[in-house]
Amino acid sequence: MGSVEWDRDLAEVYDAMYADQFASDAADAMVEVLAELAGDGPVLELAVGTGRIALPLAAKGVDVHGIELSRHMVQQLRAKRGGGAIPVAVGDMTTARVAGRFSLVYLVANTIMNVTTQDEQLMVFANAAEHLEDGGCFVVEVVVPQLHAIPPGERSRVFTLEPNHVGIETLDDRVGQIAWSHHWMSVDGRLVQHSAPYRYVWPSELDLMARINGFRLRDRWADWQRSTFTESSTTQVAVFEKVSSVDQPVR
Ligand SMILES: C[S@@+](CC[C@H](N)C(=O)[O-])C[C@H]1O[C@@H](n2cnc3c(N)ncnc32)[C@H](O)[C@@H]1O
C-alpha cells in the first residue's frame, strides 16, 4: 500500500489547518535545531509540503531542497515568497532521488507514518542514507503511539475536538500497525473532510530501521527544545547519524 497523494482541497487548507503550528515557538525551535545540524551543508526535506519549515530554514541562509509526493502541495509552496527558489522533486520519498549529497535529511510532522508498510518505511531510511554524506544526520519527528489512550474493547478515540476541527483515530489493524485518522475541518467557512491511513511506529522499531540502513542513534529528544525523552513522552525527535562505511560493524 503506497502513500495517499494529498489532493487540491487538502493542499489549499493545509496552512490554515496548521496555523498554530506555523506560528508556534516549536516551529522556531525546530528551524534552529535543523540549521545547527545542517552546518554548512545543503539539506533535504522529505515530504516538504507547503514549505512550513523549508521556507524559514532557507531564510536563515540554509540551502534547502525537497521531495514531495503531492503536486498540489508543491503548488502551494511555489505560490509563496521564496517558494520558487527551493528545488523540489515531485515523487515518493521511498524512491525519489535528487542530485547531490546532503549534511542533513529531515522528515517531520509525523510523516514517516504516511508510509503505510514497514518495508516502505525501511525504504525511506535507505533513501535518506543514499542522500547523506558520511557523518550527516537523518532527523525524524514522530509521535509515540498512544494505543493505551483507546479504552479496552474500543477501536477509536477523539484526538481533536475544537470548534473548527474534529479528529477521530480508528485502530484498524494492530498487526500491520495501521490506524486511520479522520478529520472534519471548517477552514474559512469551507468544510473539508480528510481521511487517511497511517502506520504507527515504535521508537525501538525506528532505531532498528536506522541500524539496518547504516545509522546510529545520536539523540532522541521529547521535543525541539531537546527535553529529555522519557517513558511518558508522547512525541520524539530522533537524530540518526550516518556511520561511515568503514566504521560499520561487521555483521
Ligand atoms: C503533515 S504534511 C508535512 C509537510 C511539511 N513537512 C510540514 O512540516 O509542514 C505531510 C506531507 O507529506 C507528503 N507525503 C506523504 N507521503 C509521502 C511520500 N510517500 N513521499 C513524499 N511525500 C509524501 C504529503 O503530500 C504532505 O505534503
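What follows is a chat between a student and a tutor about this predicted model.

Student: Let's start with the ligand. How many residues surround the ligand?

Tutor: Look at the shell around the ligand in the predicted model. Its residues divide into nine nonpolar, six polar and four charged. The closest ones are Tyr 14, Glu 45, Ala 47, Arg 52 and Glu 68. Altogether, the number of residues surrounding the ligand is 19.

Student: Which residue has a side-chain N or O atom 2.5 Å from an oxygen atom of the ligand?

Tutor: Asp 92 also has a side-chain N or O atom by the ligand, but there the partner is a nitrogen atom, at 3.1 Å. The 2.5 Å distance to a ligand oxygen belongs to the side chain of Glu 68.

Student: And which residue puts a backbone N or O atom 2.9 Å from a nitrogen atom of the ligand? How much of the ligand's accessible area does the protein cover?

Tutor: For the backbone atom, the residue is Met 93. On its own, the ligand has 600 Å² of accessible area. The part of that covered by the protein is 98%.

Student: On to the helices. Which residue caps the N-terminal end of H1?

Tutor: H1 runs over residues 8-17, and its buried residues are Leu 10, Ala 11, Val 13, Tyr 14 and Met 17. At the N-terminal end, a side-chain oxygen sits 3.3 Å from the backbone nitrogen of Asp 9. The residue that owns this oxygen is Asp 7.

Student: How far does helix H3 reach from its first C-alpha to its last?

Tutor: H3 covers residues 25-38, which is 14 residues. Its buried residues include Met 30, Val 31, Leu 34 and Leu 37. At 1.5 Å a residue you'd expect 20 Å, and the helix is close to that, reaching 20 Å.

Student: Which residue just after H3 takes a positive phi?

Tutor: H3 ends at residue 38, and Ala 38 is one of its buried residues. Just after the helix comes a phi of about 60°, and it belongs to Gly 39.

Student: Ser 103 is in E4, residues 102-107. Why does Ser 103 count as buried?

Tutor: Ser 103 has plenty of contacts away from its sequence neighbours, including Leu 37, Pro 42, Val 43, Leu 132 and Cys 137. A polar atom of its side chain also lies 2.7 Å from the backbone oxygen of Ala 38. Buried means under 20% relative accessible area, so Ser 103 qualifies because its relative accessibility is 7%.

Student: Now helix H7. Which residue does the side chain of Asp 207 join through a polar contact of 2.6 Å?

Tutor: Asp 207 lies in H7, residues 203-212, and is among the buried residues of that helix. Leaving aside neighbours within four places in sequence, its contacts are Leu 217, Arg 220 and Phe 240. The polar contact of 2.6 Å is with the side chain of Arg 220.

Student: Which residue just after H7 has a positive phi?

Tutor: The buried residues of H7 are covered by elements including H6, E5, E9, E10 and E11. Just after the helix, a phi of about 85° turns up at Gly 214.

Student: Is Arg 216 buried or partly exposed?

Tutor: Arg 216 sits in strand E10, residues 215-221. Setting aside neighbours within four places in sequence, it contacts Val 239, Phe 240, Glu 241 and Val 243. Its C-alpha is 6.6 Å from that of Lys 242, though the two are 26 residues apart along the chain. With a relative accessible area of 40%, Arg 216 is partly exposed.

Student: What is the relative accessible area of Gly 167?

Tutor: Gly 167 is in strand E7, residues 165-173. Beyond four places in sequence, it touches Arg 157, Val 158, Phe 159, Thr 160 and His 182. Gly 167 is buried, and its relative accessible area is 0%.

Student: Last one: what is phi of Gln 177, and is Gln 177 buried or exposed?

Tutor: Most residues other than glycine have a negative phi. Gln 177, in the loop between E7 and E8, has a positive phi near 60°. Its relative accessible area is 14%, so Gln 177 is buried.

Methods
Residues are numbered from 1 along each chain as its sequence is written. This is a predicted model: local features need pLDDT of at least 70, side-chain atom pairs count only at pLDDT 80 or more; totals for chains, interfaces and linings use all residues. Side-chain values use heavy atoms; hydrogens and water are left out. Helices (H or I, at least four residues) and strands (E, at least two) are DSSP runs, numbered from the N terminus. A polar contact is a pair of N or O atoms within 3.5 Å; within protein, one must be able to donate a hydrogen and the other to accept it, and residues adjacent in sequence count only if both atoms are side-chain atoms. Contact means heavy atoms within 4.5 Å. A residue is near a molecule or strand if one of its heavy atoms lies within 4 Å of it. Accessible areas come from the Shrake-Rupley method with a 1.4 Å probe; for residues, only the protein chains shown count as cover. Ala, Val, Leu, Ile, Met, Phe, Trp, Tyr, Cys and Pro count as nonpolar, Asp, Glu, Lys and Arg as charged, and the others, Gly among them, as polar. Buried means under 20% relative accessible area, exposed over 50%, partly exposed in between (1.4 Å probe, protein chains only). The expected span of a helix is 1.5 Å times one less than its number of residues.
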